[in-house]
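Trainee: Hi! Could we walk through this one together? I'm still learning how to read these.
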Amino acid sequence: MKHVIVVGGGLAGLSTVEALRAQGYEGELTLLGAEPHEPYDRPPLTKEVLAGDADDPTLPADWERLGCRLRLGMRAEGLRLHDGRPGGVVRTATGALEFDALVIATGATPVRLPGEGPQHVVRSLDDARVVRAALREGARVVVVGAGWIGAEVATVAAARGCRVTVLESADTPLAEVVGPEIGALTAAWYAEAGVELHCGVRVASVDHGGVTLADGRFVPADTVVVGVGVRPEVGWLAGSGLPVERGVVVDGSMRTARPEVVAVGDCAAWWSHRYGRRLLVEHWDSALNAPKVAAASLLGGDAVYDPAPYFWSQQFGRTVQYAGHHSAPERMVFRSSADGAGWAALWLDGDRLEAILTVDRPRDMVQGRRLIADGAALDVALLPDPDVPLRDTAHPRTTRTAPSHGSPRP
């Protein structure tokens, strides 16, 4: 293996470059980034950068030491794999680049709404800088979507003195990720911050001067920010022969159907033995850690990536954390501090913790993540008591490995 190309200039791409060198790869290494910026951290975009507390979230990297050639502002436009032998060619607007091994880390693209009016997203550093300039005191800001990103944008906009309206198609904020029962508990946060929240409404189009709802009403706005989800950036793989189902299909070792091609980050749909299904996890934690497994796979190792997914958010002065995955849990248990300082929701499959969401209860999150990882059997009757540490709810000597569901080929 003489030349590895990493397509994607975000955290996942940089993490793969670092992992390859740390694990002993000494060949040629090239990173292609569609943006003109060196790899940077995305979580600060909807927090510090949008608030004006920071402007340069560039990730530290010694490119000379890494021996990696940076090709910034160069977007991959196509992929051709060799027949009968490893490797292939990445097509770009400025020519073709040949490789022996390939890392796909192209991330995701925000979903945009119909309409001819100006709409903004907060996905890139340039996006965040443009939206920040529009968040002037007194400005009418409409945020479409009350998910993780929408809530963070609304938080910053309200703090900067904007008149903020949030429009959500579901019946509660965060309904798709944590369910309406828990999502409803976050609705009061908007009112406390002076944000007008409307749930159960759909936006038909973004027009000049505001948005038009499906029922014909018009909501005026000086700035419209859309946060209704993302789609994996995989269009450039059309015709390559690599399987794509929402994201790039990979096994638990991040390998595609071609062993010399791996995928990581927001564009990778990886097989989880733990949950017995393919997961597409668009979170920072995955972009940081999955590349270590992908690099090992390219170098002939047999590592497997199968953690409980983890994510965190800052909303209206609160720290919200989520770990695990709960598609169809048997029950949900709620824990609330007597002083109202924080609470947690736990989703269970029998006596096994499947997922946990905490609001200002960091200790519950740390211990909950360990219980999920260990597959511990819990005394469910103790879980609602916020004064009982979660670690003390595990039955002695009952920790077990999460069930394995096998790994289908990509």
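Mentor: Sure! Let's begin with a term: a residue is called buried when its relative accessible area is under 20%. Also keep in mind that this is a predicted model.

Trainee: Got it. So how many residues of helix H1 are buried?
Mentor: In H1, 9 of the 12 residues are buried, so the helix is largely enclosed by the rest of the structure. Among the buried ones are Leu 11, Val 17 and Leu 20.

Trainee: And what do the buried residues of H1 pack against?
Mentor: Their partners include strand S1 (3-7), strand S2 (28-33) and helix H9 (284-298).

Trainee: How far apart are the end C-alpha atoms of H1?
Mentor: They are 16 Å apart. At 1.5 Å a residue, the 12 residues should span 16 Å, so the two values agree.

Trainee: What follows H1?
Mentor: Gly 24 does, and its phi is positive, near 105°.

Trainee: Switching topic: which strands pair with S25?
Mentor: Strand S24 (residues 331-336) is joined to S25 by 6 bridges, and the two run antiparallel. S25 also pairs with strand S26 (residues 352-359) in the antiparallel sense, over 7 bridges.

Trainee: Which residue is the bridge partner of Met 332?
Mentor: That's Trp 347, in S25. Toward S26, Asp 349 stands opposite Arg 352.

Trainee: How many residues lie between the strands in the hairpin of S25 and S26?
Mentor: There are 2, and Gly 350 takes a positive phi near 65° in this hairpin.

Trainee: Is S25 mostly covered or mostly open?
Mentor: Mostly covered: 6 of the 7 residues in S25 are buried.

Notes
Residues are numbered from 1 along each chain as its sequence is written. This is a predicted model: local features need pLDDT of at least 70, side-chain atom pairs count only at pLDDT 80 or more; totals for chains, interfaces and linings use all residues. Side-chain values use heavy atoms; hydrogens and water are left out. Buried means under 20% relative accessible area, exposed over 50%, partly exposed in between (1.4 Å probe, protein chains only). Helices (H or I, at least four residues) and strands (E, at least two) are DSSP runs, numbered from the N terminus. Two strands pair if DSSP finds at least two bridges between them. The expected span of a helix is 1.5 Å times one less than its number of residues. Contact means heavy atoms within 4.5 Å.
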